[in-house]
Amino acid sequence: MPQFSSGEQKTAIAPMTNPTGKAFDYLAELYMGTDLALMSEASFHLEAGESKDIRLPVTMPSAAGVYPVYLGVFSNGTNIALYQAEDVVIAIARRIAPCVYCGAQFTTESDLVAHMETNHPGKPYVVWASLPEENVLLTPGGQYSIKAKVFAPPTVVGESWIFAFWSYQWECIAGFIVIDGGTPAGFHIGEAASYHCLHRLGRWYCPPLGENIVYSDCYLAGVDRWYSNPVWKSVDIGLRVNFIA
Ligand SMILES: [Zn+2]
């Protein structure tokens with residue numbers, strides 16, 4: 001089954017033939033999903049016996065899943081054909097993180113992985129990070145969740161990789177994805193809960209409402225004062241959290 005990302009823009013191409021001896025005006029409609037949601041339509045004209053490729057621009061649906069695809073053809077308001085095309089799979093689009101070492105940008109996971117293997121072999125990195133909720137109600141003491149895929153090189157027992165994600169101030173609000181010592185090199189998908197606000201000297205210090213950068217740090221823990229010796233720190237990986245009141 002063909003696979004697309006949610007919100008991706010594509011153009012369906014449908015070859016059409018007028019098998020009759022008369023010219024007609026037609027309307028083609030493309031539907032996706034079992035509820036036949038109208039995704040695109042195009043008017044066209046075919047002379048007697050003429051064939052033409054009709055282009056239907058489609059913005060892919062936002063929800064993940066398998067979608068049946070149908071094409072309806074109308075002439076003079078009458079449905080003259082309904083075709084079922086191949087089902088398509090919609091996956092949630094994830095923004096690929098830039099290279100945490102040199103800032104190079106990528107649109108696919110495999111391009112990022114190839115860049116890391118060539119330019120920064122054996123080093124940890126973030127593949128993608130996303131927020132299940134982009135608009136987060138700002139509440140003192142509340143948390144928001146960050147999902148991320150990371151690559152972690154091998155560690156010995158007693159060491160661990162710490163991937164931190166934070167906005168506003170690091171001290172009390174970083175969420176951590178921790179890869180324990182003794183784990184072989186590999187990719188990991190984890191979830192971190194980052195706190196909204198910092199409680200200090202009897203009051204809450206909260207981030208400003210609106211868009212805040214979510215920063216990324218990485219540490220190799222297990223050595224003394226690991227937090228003062230980051231592999232990278234305060235890197236903007238393109239992730240934003242929107243705090244709302
Ligand atoms: Zn790089």
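**Two domains and their strands in a predicted model**

Pro-61 is placed in the loop that connects β5 (51-59) with β6 (65-75). The model in which this residue is described is a predicted one. Pro-61 has 18 C-beta neighbours inside 10 Å and therefore counts as partly exposed. When residues up to four places away in sequence are not counted, Pro-61 touches Ser-6, Met-32, Tyr-67 and Ile-90. Ser-43, by comparison, is 18 residues from Pro-61 in sequence, and the two C-alpha atoms are 22 Å apart in space.

The overall form of the protein may be considered next. The protein contains 2 helices and 17 strands. Its radius of gyration is 25 Å, well over the 18 Å that the globule rule gives for 245 residues, so the protein is more spread out than a compact globule. Along the principal axes, the C-alpha atoms fill a box of roughly 85 × 45 × 25 Å. The chain is divided into domain 1, covering residues 3-91, and domain 2, covering residues 95-244. Taken over C-alpha atoms, the centres of domain 1 and domain 2 are separated by 42 Å. Of the 245 residues, 22% count as buried. Among the contacts between residues at least 6 apart in sequence, 62% join residues that are at least 24 apart.

The pairing of β3 with β4 is described here together with the loop between them. Strand β3 comprises residues 24-32 and strand β4 residues 37-46; the two pair in the antiparallel sense over 9 bridges. Within this pair, Asp-25 stands opposite His-45 of β4. The hairpin formed by β3 and β4 has 4 residues between the strands, and Gly-33 takes a positive phi near 95 degrees there. Leu-36 also belongs to the loop between β3 and β4. The phi of Leu-36 is near 50 degrees, a positive value in a residue other than glycine. Most residues other than glycine have a negative phi. Leu-36 has 13 other C-beta atoms within 10 Å and is therefore partly exposed.

Two open sheets were examined in further detail. Strands of a sheet pair through backbone hydrogen bonds, either parallel or antiparallel. One open sheet consists of 3 strands in the order β8-β10-β13, and its pairing is antiparallel. Its edge strands are β8 (125-130) and β13 (186-195), each of which pairs on one side only. On average, neighbouring strands of this sheet are turned by 25 degrees against each other, direction ignored. Strand β10, residues 143-152, runs antiparallel to β13 and is joined to it by 10 bridges. Tyr-144 has Ser-194 in β13 as its bridge partner.

A further open sheet is formed by 5 strands in the order β9-β17-β16-β11-β12, with mixed pairing. The edges are β9 (135-137) and β12, and each of these strands pairs on one side only. Neighbouring strands of this sheet are turned by 35 degrees against each other on average, direction ignored. Within the sheet, β16 and β17 pair in the antiparallel sense over 8 bridges, and Ser-216 stands opposite Val-235 in β17. Strand β17 also contains Ser-234. The phi of Ser-234 is near 55 degrees, which is a positive value in a residue other than glycine. Ser-234 is exposed, because only 12 or fewer neighbours are needed for that class and 12 other C-beta atoms lie within 10 Å of this residue.

The nonpolar cores complete the description. The largest nonpolar core has 33 residues, and those with the most contacts inside it are Val-126, Ala-129, Ala-148, Val-150, Phe-163 and Phe-165. At least two residues of this core are supplied by each of α1 (109-119), β8, β10, β11 (160-166), β12 (175-179), β16 (210-221) and β17 (232-244). Val-150, leaving aside its neighbours within four places in sequence, is in contact with Pro-124, Tyr-125, Val-126, Val-127, Phe-163, Ile-177 and His-188. Apart from the largest core lies another core, of 7 residues, which includes Tyr-31, Met-39, Tyr-67 and Val-88. Tyr-67 of this core is also one of the residues touched by Pro-61.

Methods: Residues numbered from 1 in each chain as written. Predicted model: local features only at pLDDT ≥ 70, side-chain atom pairs only at ≥ 80, totals over all residues. Pairing = 2+ DSSP bridges. Axes fitted to C-alpha atoms, helices over the stretch in contact; angles between N-to-C directions. Rg over C-alpha atoms; globule rule 2.2 N^0.38 Å. Buried ≥ 20, exposed ≤ 12 C-beta atoms within 10 Å, placed from the backbone. Contact = placed C-beta atoms within 7 Å. Core = buried A, V, L, I, M, F, W, Y, C linked by C-beta atoms within 7 Å. Domains from an automatic or database assignment.
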